[in-house]
There are 2 protein chains.
Amino acid sequence: MSGYTPGEQPQAGRFVKLNTNENPYSPSPLVARAITDAVARGLSAYPDPTAAAFRTRAAAVLGVEPDWILCGNGSDDILTIVTRAFVGRGERLRLPYPSYVLYRTLAELQGAVSEEVRFNRDWTLSGGFAAPRDDLRVAFLPNPNSPSGTTVPRDQILDLAERLPCPLLVDEAYADFSDAHCLDLVTRNEKILVARTLSKSYALAGLRFGFLVAQPHVIRQLLKVKDSYNCDALSIAGATAAIGDQAWLVDNRRKILATRGRLTSGLGRLGFTVEPSQANFVWSVHPRVSADHLYRCLKAEGVLVRYMRYAGWGDGLRISVGTDEQIDTCLGLLEALTG
Amino acid sequence: MSGYTPGEQPQAGRFVKLNTNENPYSPSPLVARAITDAVARGLSAYPDPTAAAFRTRAAAVLGVEPDWILCGNGSDDILTIVTRAFVGRGERLRLPYPSYVLYRTLAELQGAVSEEVRFNRDWTLSGGFAAPRDDLRVAFLPNPNSPSGTTVPRDQILDLAERLPCPLLVDEAYADFSDAHCLDLVTRNEKILVARTLSKSYALAGLRFGFLVAQPHVIRQLLKVKDSYNCDALSIAGATAAIGDQAWLVDNRRKILATRGRLTSGLGRLGFTVEPSQANFVWSVHPRVSADHLYRCLKAEGVLVRYMRYAGWGDGLRISVGTDEQIDTCLGLLEALTG
């Protein structure tokens, strides 16, 4: 097998990076202070295995109890834990297509079968996503979806969970940028598990911190699978401070959504077909100029966007919402390339 | 299955913690500075997927090339990656007994079979550890071993690797406290993989950073299995600074070994049978007073040590090497309890 290939991460380049949905702003200033304090408290002892400080703070913010929360070394760790807990060799993991390529890699690593259910061309999802199968062990649904930025409605997610014979993991990596989320549905159906990350909406991709919200008996099972000390003392401290600063989140979200509107309308003016996005990126296709060509020309000019090609579906550009200035740079180049 | 239970980690207690082999000293002061600098550089971007900064620095220190190094979120992550890469459901993972209980948990998580080969009563290892079997996929050998603190000689490890039909992971979590290590053997046999952690000898258990040294073609296979961003930006920065400060390591090692001698001779004076340790802990059994009783009495007095019971083998106390003051407190209590 080939493994999962993440977006390009030039560490020393001078690129405008609009390819991996990082937040263009600095995180809450409380994060740096919390990390400094944690360093001062010392690093020679093992961290808290269940990150109780984060669970307590997040529970208060999200309106659940702490034992409904599992913490992970990024939401990738959460997805890995869920896959390892539920899916064995030869068993089945269902995902929509096109969506997050990592899900398929996780199935491969388990020697499991990944089954892709196609989105309709308008990015709605057919009821076939809930079709029962004896070997089906988990279904992953990114919501908002990547690369489209679109969402499946809450009532449909509840309906899918009711009909599925297995857990439904709703990957809400981008939900803080959306009009709706499914956190409260976890109380209504034990099969619904909601994954979150602090990488995007809290501007902490460098810290690696994600979490899962699920019913306590599910969390207890998953705790057995995770590495004992999967989150380090600094990420626990930083993540706890970040989720405690909801005023920062509200302000950051406002800025990202404003720039998302600027990017969406700018692409529209250049003739792109643009999906209305509920995330911090926009999916677009130009009717005349190939996405691959645009990607390569942008890269040559120092702007990295994500070129995606999905077999049997098509290709396009996924452009992360940067600052207004970054987006204007990108739009200016695209104007020259498509004019 | 029940999952792995790590040593007690009272987060807010006032215990003298001699139960999880943490280093009693603060890490190199360069670590805090490197973390502060990394926070200032920003946390909103993803970290380097392969931690090139650490690999380059560690390679220079250890005398290997950077592409011989794989970085992990603690050496637990390294052990998980190796297990997932080599061992499938129904296949076999070999470990000595008694040793690190986590190895068995990792096998269980994979649906694999764990096969325990007993140490001899003097903690030497029989050649049966290298016996070929069709379903054998990896062998784990902690060296120094826990709980005994004893080592298998280098030439025997090379011999085991030559006869084994599968990779031999030598878990050198405690090797910096030992007279010998196996890093250079990796060049002599591609089946030898050496795991290291910064938790113990670099006093960074709170940071979660470990690494593997193996031949480049092995590293390339393992890279496919790890989470894309398994190490965060702060742990990479801190670990790079730590391994770069070898003067700190030499000084810390000197202190730990001096106190280990004090603990060993103190226990001997109280009548304990003590294994000569090559690690930062000591394994001991008292001929008259039960280890379980001693553990409970010490805990009641605010001193946590590790009580270990191994079915079919026996029990004992594993006492981490703390500061001289901590060890004197522990020895004082043990004197009263065994006198």
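**Close-up views of a predicted two-chain model**

**View 1. Helices on the five-stranded sheet of chain A.** Helix α8 (residues 246-269) of chain A lies across three strands, β9, β10 (281-285) and β12 (314-320) of chain A, and runs at about 5 degrees to β10(A). Helix α9 (residues 291-300) of chain A also packs on the sheet, where it touches β11 and β12 of chain A. The direction of α9 makes about 160 degrees with that of β11(A). The model shown here and in the other views is predicted.

**View 2. Strand order in the five-stranded sheet.** The sheet is open, its pairing is mixed, and its strands follow the order β1-β11-β12-β10-β9 (chain A). At the edges are β1 (16-18) and β9 (273-274) of chain A, each of which pairs on one side only. Three bridges join β1(A) to strand β11 (residues 303-310) of chain A, in the parallel sense. Within β11(A), A:L304 is the residue that stands opposite A:K17.

**View 3. The seven-stranded sheet of chain A.** A second view shows an open sheet of seven strands in the order β2-β8-β7-β6-β5-β3-β4 (chain A), again with mixed pairing. The edge strands β2 (69-72) and β4 (113-118) of chain A each have a single partner strand, so one side of each is left without a neighbour in the sheet. On average, and with direction ignored, neighbouring strands of this sheet are turned by 25 degrees against each other. Strand β3 (residues 92-97) and strand β5 (residues 136-142) of chain A pair in the parallel sense over three bridges. A:L93 has A:V138 in β5(A) as its bridge partner.

**View 4. Helices α2 and α6 of chain A on the seven-stranded sheet.** Helix α2 (residues 52-62) of chain A lies across β2 and β8 (210-213) of chain A, at about 125 degrees to β2(A). Helix α6 (residues 216-223) of chain A lies across β2, β7 (192-197) and β8 of chain A, and its angle to β2(A) is about 30 degrees.

**View 5. A salt bridge between strands β4 and β3 of chain A.** The side chains of A:E115 and A:R94 form a salt bridge, with 3.2 Å from N to O. A:E115 belongs to strand β4 and A:R94 to strand β3 of chain A; the two residues are 21 residues apart, and the pair links distant parts of the chain. Over all chains, the structure holds 34 salt bridges.

**View 6. Backbone details in three loops.** The peptide bond from A:Y97 to A:P98 is cis, with omega near -5 degrees. A:P98 sits in the loop between β3 and α4 (102-109) of chain A. In chain B, the peptide bond from B:S146 to B:P147 is cis, with omega near 15 degrees. B:P147 lies in the loop between β5 (136-142) and α5 (154-163) of chain B. A:R208, in the loop between β7 and β8 of chain A, is a residue other than glycine with a positive phi, near 60 degrees.

**View 7. The interface of chain A and chain B.** The contact takes 51 residues from chain A and 51 residues from chain B. Together the chains bury about 4,400 Å² between them, with 52% of it on carbon and sulfur atoms. Zero salt bridges are found across this interface, while 22 residue pairs are in polar contact between the two chains. On the side of chain A that touches chain B, the elements giving two or more residues are α1 (29-41), α3 (75-86) and α7 (233-244) of chain A. The residues of that side divide into 24 nonpolar, 16 polar and 11 charged.

Terms used
Residues numbered from 1 in each chain as written. Chains lettered and ligands numbered in written order. Predicted model: local features only at pLDDT ≥ 70, side-chain atom pairs only at ≥ 80, totals over all residues. Heavy atoms only, no water. Contact = heavy atoms within 4.5 Å. Buried area = accessible area lost by both parts, 1.4 Å probe. Salt bridge = Lys/Arg side-chain N within 4 Å of Asp/Glu carboxyl O. Polar contact = N/O pair within 3.5 Å; in protein donor to acceptor, adjacent residues only side chain to side chain. Helix = DSSP H or I, 4+ residues; strand = E, 2+ residues; numbered from the N terminus. Nonpolar A, V, L, I, M, F, W, Y, C, P; charged D, E, K, R; others polar. Pairing = 2+ DSSP bridges. Axes fitted to C-alpha atoms, helices over the stretch in contact; angles between N-to-C directions.
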